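The following paragraphs explain how a ligand and the open spaces of a protein are arranged. Please examine the structure shown here before reading on.

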Amino acid sequence: MTMQAGQSAIVTGAARGFGFAIAKALANAGVSVMLTDRDAQALETAVSELSRAGAKAAGAVLDVTSEAQWEEAVAVTIARFGGFDILINNAGIQMSQLIDDLDIDHAGQLFSINVMGTALGLKHAFRAMRPGGAAGRGGSIVNLSSVAALTNTPGVLIYSASKSAVLRMTQVAAVEAGALEYGIRVNCICPSLMKTELGNDLIEDFARLGLSDSVEMLAEHVVSRTPLGRFGGEEDVANSVLYLCSSEASFITGVALRVDGGFALT
Ligand SMILES: NC(=O)c1ccc[n+]([C@@H]2O[C@H](COP(=O)([O-])OP(=O)(O)OC[C@H]3O[C@@H](n4cnc5c(N)ncnc54)[C@H](O)[C@@H]3O)[C@@H](O)[C@H]2O)c1
């Protein structure tokens, strides 16, 4: 995959999991990466790991629900790397609850991170990347949706709704960027359940909620329902994001790319 020379990226939720794997893949492809996360300590460790490996990487604390922190992170990225061409809206949390027990305050927090956090990312990336913006040379945005936006799974009412919102926002943003000739492509990926901290918590919650007999049985169920016959991994997600940001994807916008081994088909 070919990345344009001299590009800079912001990755949210980059201290661990998919976000860290994506930051690493972008850095290995020659992109300067601003890793951001709300967890300052974990972020520092992640940035040191990439820097020690020779990546052009830096860190900025960014809680995606804070507009002021978005402004700061974009400004710091442009000042440090001389541009802002790629945004990966990855930060997100999960929530598994039966509808009978729905905690609306918790649901609101999830929406403010998964949905409004993504919307704020789109806003500040558009402002910076559009012609005349502080970076001003267009770009590529990839949002993290989920197969939860495409399949019907009990126990994840609010999480699924948030990821459906991310998918729809991707499509509207792609069309709006086109209509205004911003030169910005907007896509999302829909990964299946994978064994990050978030994924492992979800698997345990399913057993706790009585939606599977055990953690092992749920894991077996996922694999047996997956045509490619295995769990996906962080590298599968990182490679698909890299593709969507690459020159080879220059005519692709508004897509929801499933990274799920075919899970959503079954
Ligand atoms: N793991 C899966 O099975 C799976 C599947 C499909 C989609 N996703 C999505 O992929 C994304 C990453 O998931 P993951 O599995 O790597 O999760 P993870 O919990 O392992 O990592 C998430 C990171 O985001 C950070 N974060 C959380 N809230 C934040 C906020 N308000 N502001 C900034 N940072 C914040 C956390 O500190 C953490 O470093 C999420 O949007 C998730 O919904 C995950």
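Helix H6 makes the greatest contribution to the lining of the largest pocket, supplying 6 residues. The model under discussion is a predicted one. In total, 48 residues line this largest pocket, and those nearest its centre are Gln-94, Tyr-159, Thr-196, Leu-198 and Gly-199. The elements that contribute two or more residues to this lining are H1, H5, H6 and helix H7, the last of which spans 215–224. The space within the largest pocket amounts to about 1100 Å³. Sorted by class, its lining comprises 24 nonpolar, 15 polar and 9 charged residues.

What takes up the space of the largest pocket? The ligand does, for the space it takes is the largest pocket. Helix H1 (17–28), helix H5 (157–179) and helix H6 (197–208) are the elements that each give two or more residues to the shell around the ligand. Here again H6 gives the most, in this case 3 residues. The complete shell consists of 28 residues, with Asp-37, Asn-90, Tyr-159, Met-194 and Thr-196 the closest to the ligand. By class, the shell holds 13 nonpolar, 9 polar and 6 charged residues.

Several side chains of the protein form polar contacts with the ligand. At Tyr-159, a side-chain N or O atom lies 2.6 Å from an oxygen atom of the ligand. Tyr-159 is thus named twice, among the residues closest to the ligand and among those nearest the centre of the largest pocket. For Asp-37, the corresponding separation between a side-chain N or O atom and a ligand oxygen is 2.7 Å. The side chain of Asp-63 is paired with a nitrogen atom of the ligand, its N or O atom lying at 3.1 Å. Of the 840 Å² of accessible area that the ligand has on its own, the protein covers 96%.

Attention may now pass to another open space in the model. The second largest pocket has a volume of about 310 Å³. Its lining is made up of 19 residues, among which Gln-4, Gln-7, Arg-137, Gly-139 and Ser-140 lie nearest the centre. Which elements give two or more residues to the lining of this second largest pocket? They are strand S5 (139–144) and strand S6 (184–191), whereas for the largest pocket the corresponding elements are H1, H5, H6 and H7. The lining of the second largest pocket divides into 5 nonpolar, 11 polar and 3 charged residues.

Notes
Residues numbered from 1 in each chain as written. Predicted model: local features only at pLDDT ≥ 70, side-chain atom pairs only at ≥ 80, totals over all residues. Heavy atoms only, no water. Near = heavy atom within 4 Å. Polar contact = N/O pair within 3.5 Å; in protein donor to acceptor, adjacent residues only side chain to side chain. Areas by Shrake-Rupley, 256 points an atom, 1.4 Å probe, with all protein chains shown as cover. 1 Å grid on protein atoms, 1.4 Å probe; cavity = no way out; pocket = protein on both sides within 12 Å on 5 of 7 lines; lining within 4 Å. Sits in = over half its atoms within 2 Å of the grid points. Helix = DSSP H or I, 4+ residues; strand = E, 2+ residues; numbered from the N terminus. Nonpolar A, V, L, I, M, F, W, Y, C, P; charged D, E, K, R; others polar. Points joined across faces, edges and corners; volume = space filled by probe spheres on them.
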